[in-house]
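Biologist: I should like to understand how this protein is arranged inside. May I put some questions to you about the model?

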Amino acid sequence: MIHFDNSYARLPERMFARQPPTAVPGPELLALNRPLAARLGLDADWLASDEGLAVLAGNAVPEGAAPLAQAYAGHQFGGFVPQLGDGRALLLGEVVAPDGARFDIQLKGSGRTPFSRGGDGKAWLGPVLREYIVSEFMAAMGVPTTRALAAVATGEPVFRETPLPGAILTRVASSHIRVGTFQFFAVRQDTDALRALTEHVIARHYPEADGPLGLLDAVVAAQARTVAQWMALGFIHGVMNTDNMAVSGETIDYGPCAFMDVFHPETVFSSIDQGGRYAWINQPQIAVWNLAQFATCLIPLMGERQAAIEAATESVHRFPEAYEAAWLERFAAKLGIADPREQDRALAERLLVVMAGGEADFTRTFAGLADGTARDEFRDPARFDAWAAEWRRRGQPDAALMAAANPRRIPRNHRIEAVIDAAREGDRAPFHALFDAVTHPREDRAEWDDFARAPAPQERVRATFCGT
Ligand code: AMP
Ligand code: MG
């Protein structure tokens with residue numbers, strides 16, 4: 001049983017399309033996130049039962065669900081697409097957790113919707129397992145993110161370049177409302193829908209926000225904090241299109257995302273990001289660009305136009321200050337500095353410069369600061385030593401703070417690819433092993449040591465794919 005309370009389905013009908021999921025022939029539970037089920041107040045044993053599996057596979061619509069595909073638009077790599085929408089996902093409904101927090105339960109890969117365009121509405125095992133692992137690692141590190149409740153194999157092939165095993169991810173989010181959701185109504189000059197959406201988002205995510213301008217301020221602040229956390233983990237989202245930016249500030253849409261191994265600020269993995277628009281170093285600027293699009297949507301709701309433009313511009317211009325403060329707090333924590341001062345920014349930035357020059361592994365360098373092994377990551381340890389001397393002069397690092405901020409292990413690209421390759425052959429043990437290792441990112445256990453290793457040159461992954 002799931003007790004649904006579907007607030008989005010009560011919004012005007014033109015904001016979505018009601019659509020049941022498509023049945024699949026051979027559902028099989030690949031993974032169930034029991035701690036997340038408990039957090040949501042769902043019965044994990046029921047979810048794992050035949051009845052629960054039928055729901056997670058889209059073979060049964062549970063009582064109280066109101067499956068629908070949300071409409072949204074978006075700027076993809078800077079170009080505006082007036083209609084995207086949930087083409088391979090369905091919002092089953094919303095649940096209210098025991099603590100009162102509201103969550104969307106979404107099936108990703110559950111068949112065609114009115115927004116599918118040429119696509120089949122399905123997903124294959126690869127992207128489902130990737131999102132399951134990476135989103136749960138992000139959650140374990142305290143990064144705002146959508147979560148993974150379950151992964152199900154469908155027992156049918158999906159056809160990409162070749163037939164691949166089909167799968168469905170059950171995704172949980174505080175909502176799936178994106179900047180692109182606002183753009184969908186703004187471009188249609190549907191002010192009534194925009195107003196309804198704005199009120200819905202304020203009530204749901206930012207109850208303290210005062211009107212559209214207050215909402216904009218809150219989203220600017222939330223995204224500034226989230227992007228700073230990405231930066232501090234060497235995370236590259238890969239497709240920061242406006243349709244992939246949740247107004248809640250949660251990280252959403254783990255497509256060609258990747259964590260850097262060797263640090264370089266210009267790193268890009270996504271095979272479709274030819275110009276490096278979404279490179280690691282560009283992410284804060286892109287967030288501002290996306291927030292400017294969001295602001296543009298809200299202006300028609302903000303009264304006199306010239307004053308509204310000025311107020312919205314000012315709000316978006318507060319991003320750098322919020323971001324820089326969050327960045328300093330995150331990187332200072334990585335260096336064990338509990339009371340960051342402005343000079344500590346330069347200290348952290350100098351380390352990044354030495355890391356880039358020394359081709360140091362991002363995760364291993366920071367993790368190694370605590371036990372003195374960081375210098376082994378550098379081609380030119382002397383430059384690191386000079387930096388470390390300066391760091392030591394800053395005072396005794398706070399060990400607990402560093403340990404919390406610096407994961408021992410991350411879901412490295414070559415590991416994820418190995419997990420997917422094995423799962424394609426029917427071996428799911430590597431998936432579970434990597435999942436356990438990266439969802440306890442701060443603990444040490446001998447069996448997890450190998451997951452902390454950087455890829456050998458021949459193991460290094462240079463490109464990732466959207467993998468729909
Ligand atoms: P993404 O790049 O994954 O954020 O997706 C961009 C748009 O393409 C969204 O509207 C998706 O719903 C849609 N889409 C992606 N993959 C599929 C698919 N296999 N079938 C239908 N629509 C899809
Ligand atoms: Mg998307």
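Biologist: How many Å separate the centres of domain 1 and domain 2, taken over C-alpha atoms?

Modeller: This is a predicted model, in which local features need pLDDT of at least 70 and side-chain atom pairs count only at pLDDT 80 or more, while totals for chains, interfaces and linings use all residues. Residues are numbered from 1 along each chain as its sequence is written, chains are lettered from A and ligands numbered from 1 in the order in which they are written, and side-chain values use heavy atoms, with hydrogens and water left out. The protein chain is divided into domain 1 (8–173) and domain 2 (327–405), with bounds that come from an automatic or database domain assignment. Taken over C-alpha atoms, the separation of the two centres is 39 Å.

Biologist: Which helix gives the most to the largest nonpolar core?

Modeller: A nonpolar core is a set of buried Ala, Val, Leu, Ile, Met, Phe, Trp, Tyr and Cys residues joined through side-chain atoms within 4.5 Å; buried means under 20% relative accessible area, exposed over 50%, and partly exposed in between (1.4 Å probe, protein chains only). The largest such core has 125 residues, and Met138, Phe182, Leu335 and Leu369 have the most contacts inside it. Helices (H or I, at least four residues) and strands (E, at least two) are DSSP runs, numbered from the N terminus. With 12 residues, the greatest contribution to this core comes from helix α7 (residues 211–232).

Biologist: Where does this core lie with respect to domain 1 and domain 2?

Modeller: Domain 1 (8–173) gives residues to the core, and domain 2 (327–405) does too. The core therefore lies between them.

Biologist: What kind of aromatic pair do Tyr132 and Phe431 form?

Modeller: Rings of Phe, Tyr and Trp (its six-membered ring) pair if their centres lie within 6.5 Å; planes under 30 degrees apart count as stacked, over 60 as edge-to-face and the rest as tilted. For Tyr132 and Phe431, the centres are 5.6 Å apart and the planes stand at 65 degrees, so the pair is edge-to-face.

Biologist: Why does this pair tie together parts that are far along the chain, 299 residues apart in sequence?

Modeller: Both Tyr132 and Phe431 are buried. The pair joins these parts because Tyr132 lies in helix α4 (residues 125–140), and Phe431 in helix α16 (residues 429–438).

Biologist: How many disulfides does a search of the whole structure find?

Modeller: A disulfide is a pair of cysteine sulfur atoms within 2.5 Å. Cys257 is buried at 2% relative accessible area, and Cys297 is buried at 3%. The number of disulfides found is zero.
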